[in-house]
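Trainee: I am new to this structure and would be grateful for a close look at a single part of it. Please set that part in the context of the whole chain.

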Amino acid sequence: MYDLNVGIVAIHNGLIFVGKRFKQGTWQMPQGDIEYNETPFQAAVRELREETGIVNVEWLGETNWHSYNFPDSVRKNKFFRSKSGKKQKWFYANVYDIDEVSLNEEFVDYKWEADEWVKRNIIGFKKSTYNYVFSNNIYEKIKTFI
């Protein structure tokens, strides 16, 4: 079973927002599950606000659905035991005001990095997803004007 989930590529001056996860200490872009009666876009707006405090953005596009599997090490956790992975739709947002960043309990730190850094430093089982997000035609077009 795959949870439906959204991810957000928050971009400011060509750099990507990454947050350091509270428990794992790994870096990732904002993401979260779609709630009941919520569209993927509504979930993206909510997740970006909840995890980063960022609301002043221009939404630039979205990907098709993309899935990834959890490795056995993740599935050992009782919360993930019955889940195969995530089925995600990613949204791209141009961030206007980085001073509004306010982290929730999910992230303990954040920074703005180049997409190559993000791809190199993401946890292993998400690498194929991040490669998909950063090699997508939409992102390629966005890169020409950010």
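Mentor: The account below begins with the whole chain, turns to strand 1 and its partners, and then follows some side chains.

This is a predicted model, in which local features need pLDDT of at least 70 and side-chain atom pairs count only at pLDDT 80 or more, while totals for chains, interfaces and linings use all residues. Residues are numbered from 1 along each chain as its sequence is written, and side-chain values use heavy atoms, with hydrogens and water left out.

The protein chain has five helices and eight strands; helices (H or I, at least four residues) and strands (E, at least two) are DSSP runs, numbered from the N terminus. Read from the N terminus, the order of elements is β-β-β-β-α-β-β-α-β-β-α-α-α. Of the 146 residues, 46% are buried, where buried means under 20% relative accessible area, exposed over 50%, and partly exposed in between (1.4 Å probe, protein chains only). Among contacts with a separation of 6 or more, 73% join residues 24 or more positions apart; a contact means heavy atoms within 4.5 Å.

Strand 1 covers residues 2–12, and nine of its eleven residues are buried, so this strand is largely enclosed by the rest of the structure. Its pairing is described by bridges: two strands pair if DSSP finds at least two bridges between them. With strand 7 (residues 85–95), strand 1 pairs in the parallel sense over ten bridges, and here Asp3 has Lys86 as its bridge partner. With strand 4 (residues 31–33), the pairing is antiparallel over three bridges; Asn5 stands opposite Asp33 there. Strand 2 (residues 15–21) is also an antiparallel partner of strand 1, over two bridges, with Ile11 opposite Ile16. Two residues lie between the strands in the hairpin of strand 1 and strand 2, and Asn13 takes a positive phi near 50 degrees in this hairpin.

The partner strands lead on to further side chains. Gln88 belongs to strand 7 and is buried, with a relative accessible area of 0%. Leaving aside neighbours within four places in sequence, Gln88 is in contact with residues including Asn5, Gln31, Trp65 and Thr129. The side chains of Gln88 and Trp90 make a polar contact of 3.0 Å, that is, a pair of N or O atoms within 3.5 Å; within protein, one must be able to donate a hydrogen and the other to accept it, and residues adjacent in sequence count only if both atoms are side-chain atoms. Trp90 also belongs to one aromatic cluster with Tyr92, Tyr130, Phe134 and Tyr139.

In strand 2 lies Arg21, whose side chain makes a polar contact of 3.2 Å with that of Gln28. Not counting residues up to four places away in sequence, Arg21 touches Thr26, Gln28, Glu106, Phe107 and Val108.

The chain has eleven aromatic pairs, counted where rings of Phe, Tyr and Trp (its six-membered ring) have centres within 6.5 Å; planes under 30 degrees apart count as stacked, over 60 as edge-to-face and the rest as tilted. One of these pairs, Trp27 with Trp117, is edge-to-face, at 6.0 Å centre to centre and 80 degrees between the planes. Trp27 lies in strand 3 (residues 27–28) and Trp117 in helix 3 (residues 115–121), so the pair ties together parts that are 90 residues apart in sequence. Trp27 is buried at 15% relative accessible area, and Trp117 counts as buried at 17%.
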